Amino acid sequence: MSVQYLVSPQFMVLPNITQFRPIFYLTGFPGLEAIKHWIFIPFFFMYLVAISGNCLILIIIKTSHNLHTPMYYLLSLLALTDLGLSVSTLPTTMGIFWFNSRSIYFGACQIQMFCIHSFSFMESSVLLIMSFDRFVAICHPLRYSAIITGQRVVGAGLIVILRGPVALVPIVLLLKAFPYCGPPVLSHSFCLHQEVIHLACTDTTFNNLYGLTLVVFTVMLDLVLIALSYGLILHTVVGLASQKEQLQVFQTCTSHLCAVLVFFVPMMGLSLVHRFGNHAPPAVHLLMANVYLFVPPMLNPIIYSIKTKEIRHAIIKLLGLRKANA
């Protein structure tokens, strides 16, 4: 398949102009154009499950008064971030499938990458707060209601919402100041900062260092603190008298632990591929990026629907009412 690079006349580089706003070309699924209609099926299914599943979680928590507790407020915040992450990639990915629309203006690309990275940072922060909630519930159960209050959950939620976007503003806005040269081709069906920055034909040291620092002091720090929380939880669980008690207590963490693994394992894999997989086939980069962005929003509502008794019963009740009304 021949690729034509789309750059509008107003964005062409003139001899005395070093900056322009390219129209990027989203490759989408290179080498798989012949089976594009088959690839559409799993992607459509993932979007359907992610959007409908997270909306269902939000509806259930909102309408079930017995779920108006800090733990489920945090779960609703996780569902919101998953929903935002799915909606962020939806326009360009489905545009490629439905309309073969592969071009994206620079401004739209900036907005998309800002949303994708913001919601990724938000999800990492929400998982950290949820791990602290589980730590207090298991290690300090008598003080749980005093420590984890609705007001504190709201305050933590505001910090989560603002931390990622505020920290991302400088490096996303700075992209406007860079000149771009060479084929404006991106290797995914969506915009990522680490790809766009490689197309800049100027010194991008600040963006690279700032981005690395941001990842280390947000996502990596969150992961370390989550691991520390679970270390303390395991220490407390091991100290319980019987194995039955140990299993019962630790089962309250299984949903969150699965959500942590589903989010951080693909993220670590994608980071390793970007750092050390320069000679890896393009399909590996494509697979890891898609798994990282599409799988967690799809699996999280499934995990919590299966592993959380209150959510499972609320879903059964809701579906039963709909059946009765029909």
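**Reading a small sheet and a helix pair**

Biologist: Strands β1 and β3 (residues 185–186) are paired in the parallel sense, through 2 bridges. What is the general idea behind such pairing?

Modeller: Strands of a sheet pair through backbone hydrogen bonds, and the sense is either parallel or antiparallel. In this predicted model, Tyr25 of the parallel pair stands opposite Val185 in β3. Strand β1 also pairs with strand β2 (residues 103–105), here in the antiparallel sense over 3 bridges. In that pair, Phe24 stands opposite Ile104 of β2.

Biologist: In what order do the strands lie in the sheet?

Modeller: The order is β2-β1-β3, an open sheet of 3 strands with mixed pairing. Its edge strands are β2 and β3, each of which pairs on one side only.

Biologist: How should one read the two faces of a strand?

Modeller: In a regular strand, side chains alternate between the two faces of the sheet. For β1 (residues 23–26), Ile23 and Tyr25 are on one side, while Phe24 and Leu26 are on the other. These residues are all buried, so both faces of β1 are covered.

Biologist: Which helix lies across β1, β2 and β3?

Modeller: Helix α3 does, and it runs at about 90° to β2.

Biologist: What describes two packed helices?

Modeller: The description consists of the angle between their axes and the distance between the axes. Here, helix α3 (residues 106–139) and helix α7 (residues 205–238) have axes that come within 9 Å and cross at roughly 20°. Because this angle is under 35 degrees, α3 counts as roughly parallel to α7. The crossing of α3 past α7 is left-handed.

Biologist: Which residues make the contact?

Modeller: From α3, the contributors include Phe121, Leu127, Leu128, Arg134, Phe135 and Ile138. From α7, they include Leu214, Val219, Asp222, Leu225, Ile226, Tyr230 and Val237. By class, the residues of the contact between α3 and α7 comprise 14 nonpolar, 6 polar and 2 charged.

Biologist: Is Ile316 buried or exposed?

Modeller: Ile316 has a relative accessible area of 54%, and therefore counts as exposed, for which the cut-off is over 50%. Ile316 belongs to helix α11 (residues 309–325).

Biologist: How far apart are the C-alpha atoms of Ile316 and Ser305?

Modeller: The separation of these C-alpha atoms is 10.0 Å, with Ile316 and Ser305 standing 11 residues apart along the chain.

Note on methods. Residues numbered from 1 in each chain as written. Predicted model: local features only at pLDDT ≥ 70, side-chain atom pairs only at ≥ 80, totals over all residues. Heavy atoms only, no water. Axes fitted to C-alpha atoms, helices over the stretch in contact; angles between N-to-C directions. Helix = DSSP H or I, 4+ residues; strand = E, 2+ residues; numbered from the N terminus. Parallel < 35°, antiparallel > 145°, perpendicular 65-115°, else oblique. Left-handed = near helix turned anticlockwise from the far one by under 90°. Contact = heavy atoms within 4.5 Å. Nonpolar A, V, L, I, M, F, W, Y, C, P; charged D, E, K, R; others polar. Buried < 20%, exposed > 50% of the residue type's maximum accessible area, 1.4 Å probe, protein only. Pairing = 2+ DSSP bridges.
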